[in-house]
Amino acid sequence: MQRRTYDVVVVGAGIVGCATAYHLARAGQRVALLDRSGVAAEASDAGAGMLTPLAEAGASDLNDPLLRLGLAGLRHYEALEAQLESEAGLWAGLVHLPTLYPAFDDGQAEALRRDLAALQTLRPELRWLEADEVRQREPLLSPSVRGAVFSPAEGNVAIGHLTRLLARASVLNGAELLAPRSALSLLWDGARVRGVLTEVEPIEAAHVVLATGAWSSAWHAQGECAAIVYPLKGQLLALRTSGQPLRHTIYAGPLGYLVPKADGSVFVGATSERRGFDKTPTAGGLAHLLTVVHRVAPALEEAAVDRTWAGLRPVSADGLPFIGPAPSSPGLWLAVGHGRIGAITGPVTGFIIAELIQGRPVPYDLDLRPFAPERLGPWRRRLTALNAAEAAQRQPELFSQAPTQAEAAAEDQRRERS
Ligand SMILES: Cc1cc2nc3c(=O)[nH]c(=O)nc-3n(C[C@H](O)[C@H](O)[C@H](O)COP(=O)(O)OP(=O)(O)OC[C@H]3O[C@@H](n4cnc5c(N)ncnc54)[C@H](O)[C@@H]3O)c2cc1C
């Protein structure tokens, strides 16, 4: 059997894998990027693409690792946008419209104002707008709005477009895109990883990066028995307006959000459901999204329904992504579990992994310890990795089970904050 040899093989061509391949190829590494379906075939073509790290954070802990990673993600976007537009000569997919965090009752207004003072120490450009000014700036918002936090630098991205652009820029820089191609298992040389076995051929590489999204549990030592990363279904709705466009991303806390896109459509999101790997849009999901429209921007009830769809967020059992070297397995790297914030943090994760593989320091002064892959036990060393979708088909209850205590606590914390 013919063997191919690379410096790095990246498994998974979502936003995380494509960003990793791009940064490595740009630095002159020989890279293979493989995906069993294609580029941006899963969450990275389904997400709403909000670049709003503050939406996922609260003011209670300004050192929250996700907040820090999200803010580094925003900084990284500035460099990435300029880089991609000058190198590839193409629009990077960013929509530079500000974000509003509206309050619809006095309690919400009080909570937002309380958080604002603390968050301004990190982002001084944030400010409070009284109801009149909010209505003036965003006439489509519900007249019941009591005020809003205005965040001028949190825009949104066409995540599928950016992912495909990163794949293209990787190839322009010499990476080889192999898709459709599945990684079936890891190849080992003693304790060291030396590549992956695919259905076509073995691919040898000094480093293997797993960026396998919601399917990553298959690579954990417990395999499909421990949903170390589980799929969290999110349904979205796209509206097409013929009248006045929405001028801001509107993040209305746990209720939902509205995201104005470059083509004039508005994404309405999103549900959060444990349904295994099922991606079917449902009547109940649509009903929830229509409630978001009705309560946040009733003027949009006149808009045409363009489409509905669902995707699978890769959520880790403790709510934090796994970023870094796998324990006791030199050559194996994890870049998975970015959950709700993979659009914000996927590109910076790719950059971090690329820098670490090249022996450089962690960029953006980030403390990576909270994201260390060993925290939930060992990752697979010698066993053949199962295809997680197959595993889920055989034992669906393992992937749609009630959240573990750690997951529930992480989710509660997130809700409290937003
Ligand atoms: C409804 C919804 C709304 C969202 N909104 C936002 C938002 O507003 N802001 C934000 O920051 N984030 C958002 N997200 C989250 C974001 O989209 C994800 O976190 C991100 O896309 C995850 O990227 P990924 O590369 O890790 O995974 P994916 O894009 O899922 O890519 C993983 C890839 O790995 C491949 N793969 C898996 N196993 C193998 C194997 N064995 N061999 C070969 N290939 C394999 C799969 O085919 C897939 O293409 C949203 C997600 C959803 C679903």
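Okay, let's start at G174, which comes after helix α6 and has a positive phi, near 105 degrees. Keep in mind that this is a predicted model.

So what does the helix before that glycine look like? Helix α6 covers residues 159–172, so to speak our main exhibit, with 14 residues in it. From first C-alpha to last it reaches 20 Å, and that's close to the 20 Å expected at 1.5 Å a residue.

Which residues of α6 are buried? Quite a list: I159, G160, L162, T163, L165, L166, A167, A169 and S170. And what covers them? The covering elements include three helices from earlier in the chain, namely α1 (15–26), α2 (43–46) and α3 (65–87). Strands β2 (31–34) and β7 (156–157) are also among them, and so is α8 (342–357).

Right, on to the charges. How many salt bridges does a search of the whole structure find? The count is 19. I'll walk you through a few.

One of them is E42 with K279, where the side chains meet at 3.0 Å, N to O. That pair links distant parts of the chain, with the two positions 237 residues apart in numbering. E42 sits in the loop between β2 and α2, while K279 sits in the loop between β15 (265–269) and α7 (283–296). Buried or exposed? For E42, the relative accessible area is 26%, so we call it partly exposed. K279 comes out at 34%, so that one is partly exposed too.

Now helix α5, residues 131–137. R135 and D132 form a salt bridge there, at 3.2 Å, N to O. Why can those two reach each other along the helix? They are three residues apart in α5, so about one helical turn separates them. R135 is partly exposed, at 33% relative accessible area, whereas D132 is exposed, at 59%. The cut-off for exposed is over 50%, so D132 clears it and R135 doesn't.

There's another bridge in α5: the side chains of R137 and E133 meet at 3.5 Å, N to O. Those two are four residues apart, again about one turn of the helix. R137 counts as partly exposed, at 26% relative accessibility, and E133 is partly exposed as well, at 29%.

Moving away from α5, there's a network to look at. Which residues does it join? R240, D263 and D306, through salt bridges that share partners.

Methods
Residues numbered from 1 in each chain as written. Predicted model: local features only at pLDDT ≥ 70, side-chain atom pairs only at ≥ 80, totals over all residues. Heavy atoms only, no water. Expected span 1.5 Å × (residues − 1). Buried < 20%, exposed > 50% of the residue type's maximum accessible area, 1.4 Å probe, protein only. Contact = heavy atoms within 4.5 Å. Salt bridge = Lys/Arg side-chain N within 4 Å of Asp/Glu carboxyl O.
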